[in-house]
Amino acid sequence: MRAAPTYSRIQRFRLPRLCVAVTGSDPANLLERAESHVRDNPFLEFRLDYLSQPAAALPKLRHFLDLHPEATVVATCRRAVNGGKFKGSVQAQLDILTKAADAGFQLVEIEIQSAEELKRDQFAELKNRVGVILSFHDFKSTKKLEEQFADMRKFAADFHKVVATATNLYDNVTMMKFLQSHSGQYEMVGLCMGEQGIISRVLGVRAGSIFTFGAAAAGEETAPGQITVSELRDTYRIESVEASTQVYGVAGDPVSHSLSPVMMNAAFRRETVNAVYLALHAKNLKDLLACVNDIPIRGMSITMPYKEEIVKALSNSDPLTRQIGACNTVVRSADGKLYGFNTDVAGIVSPLEQRMHLAGKRILIIGAGGAARAAAFGLKAREAEVFIVNRTPEKAQALARQAKAKSVKRADLAKLSFDVIINATPLGMNGNKQSPLEEKELNTNYVFDLVYTPAETKLIKMAKAKGLHVIPGLEMFVQQGARQFEIWTGKPAPVAEMGYVVSKTLERLQPPEPAQHEEPPASEKAAAEKVAKPAKKAPEPKKVVARKPKRLVVKAAAKSSAKKTVRR
Ligand code: NAP
């Protein structure tokens, strides 16, 4: 029998940050999953309550522990009344946890409700055998953490684990403050469940949580909002998140499918910036702004539906943001003031400028929403001749008036020709298989589809089939993100790396359909390769410099708290 090690405070420093929650339909399945993770993640939680007969599985689990002395393994057999799956009594739960300790588990988790039902000496006896994580779960809210913790402190556990449920973004701040105020004195583990609590799974460790939990794989989550261990490790670099790690994020509603975290965290990693970039799911702007100061967040990408609404919360912004009336990039200064930029313009103009001189080019924009506005003002500033067509013609006319462009009727398109047609509508996005124009209306050299999911839209396919040059929306996405990275860090963005991770992620999410069309023009192949491969000496795309760049003073761009001048 393996002697159960005693857990002293010093051991917190030896525990990995990431504990993989492993479940299984039966012991063999549980062990198979554990085997596949233990090499990369030697800190595992076995959810014994997922097994129909947890006690019967223990001899097999002992064998696993003997084979993997390097592993630190937690046994959890949470009772159904406390949110788990174990239907037995508290005494039966204690019996299983005791046997788990004897089998070699170094830690066991027990809910406060069970601990309170046990006799004092039973809890003390368990604690003498094995490290004890005393847990509390609130499956509805993030409230009364202090009261709950006061009850938990009555038990001399090795770790106190407090798990709440975030119903808004600010609940994460509440959890972080709670962790910060107790982690100096107690061994704390804390996070918020739920989709809105995802950021606490990363920021909790920054606030003093000794470790956090990750799902073994997508679809194997043991709690709402749990993200996979590979995402926590590879995207969020959880092992290197610390108190001094700067926090950035993409704010919107919804944001869970945004590829910005994958792209921006890859950029931070590549340029060794001590920062983490999160998806900030804000159901309203007030909730977001309350968090910005308290987390504190250094910079944000702003996405739908807050690009316009955020403008009134800014202390200052660049001329394009003011002109367009929409902001997609925020920098927060040391004194909490917010400064806004619009990098969507660079995202549209840069890919075009890499291919042509824009002055005098006839460019048709389809749409009159936010992206169309960025395109219209940005391209007019480059002296292009801009035309706008929109489902609601009045909106096209209004935008044309503001941007000094021309509005055109859909019925006239077949007779007109352009150098570039830009799709700034959602047509073609995700499951939508529509094209904003018919083939006979594509009288142009280039088609630039701002939609980037899927990588190849119906419009792009039609344009390729017609032998036109195409620019995928991925290029806009990467370029607008690259400018954000530069504004926040003052460093050149690793554009090739950013393009590579996004295109690989898109491929994984939506594998390319087998090619049915003819070979694309050579220029497209080269462009696709450029964003898909981080070539060793890939030339950086030309920087976009505003015609008459106004200088905007930002007190807290990423590197120092000193005043910093950032140029778009
Ligand atoms: P938005 O402000 O909501 O504007 C959408 C525009 O599309 C409006 O002009 C709307 O016409 C038109 N539209 C919507 N549904 C339509 C339909 N079924 N048929 C015809 N027209 C339709 O959106 P946005 O922020 O400008 O974004 C537009 C698209 O650009 C997004 O869906 C996204 O795919 C893409 N985008 C890409 C990037 C990138 O980084 N690649 C960045 C931003 C946006 P009405 O005026 O008639 O409603």
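In these legends, helices (H or I, at least four residues) and strands (E, at least two) are DSSP runs, numbered from the N terminus. The model shown is predicted.

**Figure 1. Confidence across the predicted chain.** The average pLDDT of the protein is 89, and 88% of the residues score at least 70. At the start of the chain, residues 1–10 have a pLDDT under 50; the model has 22 contacts for this stretch beyond four places in sequence. Residues 516–568 also have a pLDDT below 50, and they make 109 contacts in the model beyond near neighbours in sequence.

**Figure 2. The open, parallel sheet of six strands.** The strand order is β17-β16-β15-β18-β19-β20, and the pairing is parallel. Strands β17 (406–407) and β20 (469–471) are at the edges; each has a single partner strand, so one side of each lacks a neighbour in the sheet. Such pairing within a sheet runs through backbone hydrogen bonds, in either the parallel or the antiparallel sense. Strand β19 (residues 444–449) is joined to β20 by three bridges in the parallel sense. At the level of residues, Tyr446 has His469 of β20 as its bridge partner.

**Figure 3. The open, mixed sheet of six strands.** Here the order is β10-β9-β11-β13-β14-β12, with mixed pairing. Strands β10 (275–281) and β12 (316–317) form the edges, each paired on one side only. Strand β9 (residues 246–252) and β10 run parallel and are joined by seven bridges. Val247 has Val276 of β10 as its bridge partner.

**Figure 4. Residues around the ligand.** There are 21 residues around the ligand, and Ala368, Ala371, Asn390, Thr392 and Leu450 are the ones that come nearest. By class, the shell comprises twelve nonpolar, seven polar and two charged residues.

**Figure 5. Polar contacts and burial of the ligand.** The side chain of Lys395 places an N or O atom 3.2 Å from an oxygen atom of the ligand. A backbone N or O atom of Gly369 is 3.4 Å from a ligand oxygen atom. For Phe477, a backbone N or O atom is likewise 3.4 Å from an oxygen atom of the ligand. The ligand taken alone exposes 920 Å², of which the protein buries 78%. Helices α14 (370–381) and α17 (473–489) are the elements that contribute two or more residues to the shell around the ligand. The largest share, three residues, is supplied by α17.

**Figure 6. Cis peptide bonds before Pro296 and Pro305.** The bond from Ile295 to Pro296 is cis, with omega near -20°. Pro296 belongs to the loop that connects α11 (285–294) and β11 (297–302). The bond from Met304 to Pro305 is also cis, with omega near 0°. Pro305 lies in the loop that follows, between β11 and β12. Thus β11 borders the loop of Pro296 as well as the loop of Pro305. For context, most peptide bonds are trans.

**Figure 7. Positive phi at Lys144.** Lys144 is not a glycine, yet its phi is positive, at about 50°. Most residues other than glycine have a negative phi. Lys144 sits in the loop between β5 (131–137) and α6 (145–152).

Terms used:
Residues numbered from 1 in each chain as written. Predicted model: local features only at pLDDT ≥ 70, side-chain atom pairs only at ≥ 80, totals over all residues. Heavy atoms only, no water. Pairing = 2+ DSSP bridges. Near = heavy atom within 4 Å. Polar contact = N/O pair within 3.5 Å; in protein donor to acceptor, adjacent residues only side chain to side chain. Areas by Shrake-Rupley, 256 points an atom, 1.4 Å probe, with all protein chains shown as cover. Nonpolar A, V, L, I, M, F, W, Y, C, P; charged D, E, K, R; others polar. pLDDT = per-residue confidence, 0-100. Contact = heavy atoms within 4.5 Å.
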